[in-house]
Structure formats: structure tokens, C-alpha cells
Amino acid sequence: MQIMRSLFYGENETMANSQKVQLKTMQDILTLYPEAFDAEGNINLSNRPEIIELPLNMEVVRDLNIDGCTGLRALPEGLVVGQRLNARGCTSLKSLPNNFELPGTLILSGCTGITELPVGLDVEGGIYLDGCISLRSIPNDTRFGEILELTGCEGIEIPQDLLQKYAGFIIVPEGEYTVAPSEHPEREFSA
């Protein structure tokens, strides 16, 4: 288990006195946060600002809740989540893995550090990016099954192809945003 030195100075040191936690394995999570696991395959690490890193190739059977993990900088490569990923309010979060696939809903509301989404993002449910004020663009190959929420993402660039393909399923910012020209002007999309 690799944990920053500031975590344990002695046997009586508590998590409240910790500075940063790098979780390198699932065993690290189980050891430090045994209550985070439930019988249905969910992992709840919400409101733990000390977490700055999750294990590579982390696998969660159902939902992963990291809501309020304000120290978390990136989601690890190889992350597999069986249903929903809630990362609401992870203000230090800068990136997601490329080609990230999710069979449920992706909640990144209030992730003010995210400037771009990964290529190949494929979410069967909705993608909630409301309040992601630093987000500058959406990749043209982004896929989702329900809704793309962009409220509060003023100044963002949205591909015309995406707007056509998902007409009526993208909630655009109330303020200014730009539309990127179509990469395939001859192609017609249907919702």
C-alpha cells in the first residue's frame, strides 16, 4: 500500500489529520475505507478531499460515488464502472481516461477543473456537465444515450455534427457558446 507519508506518523494517527492519500490498489481502499463497500457492488468514497489518486484498472461492479473528492486530480486509466459514476464537485479533477465507456450515467456537475473530455467517451445514460466552467469543447465522437447537460458551460464549443445527431437531447448553456463546423457537411443525422 503506497500512501503519502503524511497519512500515518504513528499508530494513533487518524484520517482527519491526513493530508493526501494515493490509492494504488483496491486493497488500499478496503483497508482505509472499509465502510465504502456495500453488498450490491457499489463503492462510496464521497466527500473525501484527502484522496488524490485512485488505483489503475479499478473495477466497480455497480456505482462509483466520488462526489466531493475535491483533491482527486484524474480518473485512472482502465477504470471500469458497472453502472453510474458520480464525480459531482470534484473540483481538482482534470481528466478522464480516453475511450471511457459507461453503461449508466456520468455525473461531472461542478467539476470546475475539467477543460476537455476524452476522445471516445461513450455513455449509455446521460452526461451531466453543468457547472463545468472550464470545459472548452466537446469531442465530435462523444456518445450518450439520454441527455448531455451543458448548463453553465459558457464559452464552450459544441460540434455541429453532435448538435444535429442529438437534436433535442443536448441542453446548451444559457449564455454564449460556439458551434464547431461540421466535419461531414454532406451527412444527415437523425435523433
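In this predicted model, 45% of the 191 residues in the protein chain count as buried. The accessible surface adds up to about 9700 Å², and carbon and sulfur atoms hold 47% of that. As for secondary structure, the chain has two helices and 16 strands. Looking at contacts with a separation of 6 or more, 12% come from residues 24 or more positions apart.

Seven of the strands come together as an open sheet, and the pairing is parallel. Reading across, the order goes β2-β5-β7-β9-β11-β13-β15. Strands β2 (43-44) and β15 sit at the edges with a single partner strand each, so one side of each has no neighbour in the sheet. For β15, there is a parallel pairing with β13 (residues 148-149), built on two bridges. Within that pairing, Leu-148 has Ile-170 of β15 as its bridge partner.

Next comes the inside of the protein. The largest nonpolar core has 47 residues, and the members touching the most others are Ile-66, Leu-108 and Leu-129. Leu-108 makes a handy example. Leaving aside residues up to four places away in sequence, Leu-108 touches Ala-87, Leu-93, Leu-96, Ile-114, Leu-117, Tyr-128, Leu-129 and Cys-132. Leu-129, then, turns up among the contacts of Leu-108 and is also one of the three core members with the most partners.

Aromatic pairs are quickly dealt with, as a search of the whole structure turns up one. The partners are Phe-144 and Tyr-166, whose rings are stacked with 4.0 Å from centre to centre and 25 degrees between the planes. That angle counts as stacked because the cut-off is under 30 degrees. The two rings come from distant parts of the chain, 22 residues apart: Phe-144 belongs to strand β12 (residues 143-144), while Tyr-166 is in the loop between α2 (160-165) and β15 (170-171). Both partners are tucked away from the surface, with Phe-144 buried at a relative accessible area of 6% and Tyr-166 buried at 11%.

Then there are the charged side chains. Side chains of opposite charge can pair when their charged atoms come close. Three salt bridges are counted here. One of them joins Glu-53 and Lys-24, at 2.4 Å from N to O. This pair links distant parts of the chain, 29 residues apart, with Glu-53 in strand β3 (residues 51-53) and Lys-24 in the loop between β1 (21-22) and α1 (26-32). Glu-53 is partly exposed at 26% relative accessibility, and Lys-24 is partly exposed too, at 32%.

Another salt bridge brings together Glu-35 and Arg-48, with 2.5 Å between the closest N and O atoms. Here both residues are in loops, 13 residues apart: Glu-35 between α1 and β2, Arg-48 between β2 and β3. Glu-35 is exposed, with a relative accessible area of 51%, whereas Arg-48 is buried at 19%. Arg-48 counts as buried because the limit is under 20%, and Glu-35 counts as exposed because its value is over 50%.

The remaining salt bridge is between Arg-143 and Asp-122, whose closest N and O atoms are 3.7 Å apart. Arg-143 is in strand β12 and Asp-122 in strand β10 (residues 122-123), so the pair ties together parts 21 residues apart in sequence. Arg-143 is partly exposed, with a relative accessible area of 44%, and Asp-122 is partly exposed at 22%.

Key
Residues numbered from 1 in each chain as written. Predicted model: local features only at pLDDT ≥ 70, side-chain atom pairs only at ≥ 80, totals over all residues. Heavy atoms only, no water. Core = buried A, V, L, I, M, F, W, Y, C linked by side-chain atoms within 4.5 Å. Buried < 20%, exposed > 50% of the residue type's maximum accessible area, 1.4 Å probe, protein only. Contact = heavy atoms within 4.5 Å. Phe/Tyr/Trp six-rings, centres within 6.5 Å; stacked < 30°, edge-to-face > 60°. Helix = DSSP H or I, 4+ residues; strand = E, 2+ residues; numbered from the N terminus. Pairing = 2+ DSSP bridges. Areas by Shrake-Rupley, 256 points an atom, 1.4 Å probe, with all protein chains shown as cover. Salt bridge = Lys/Arg side-chain N within 4 Å of Asp/Glu carboxyl O.
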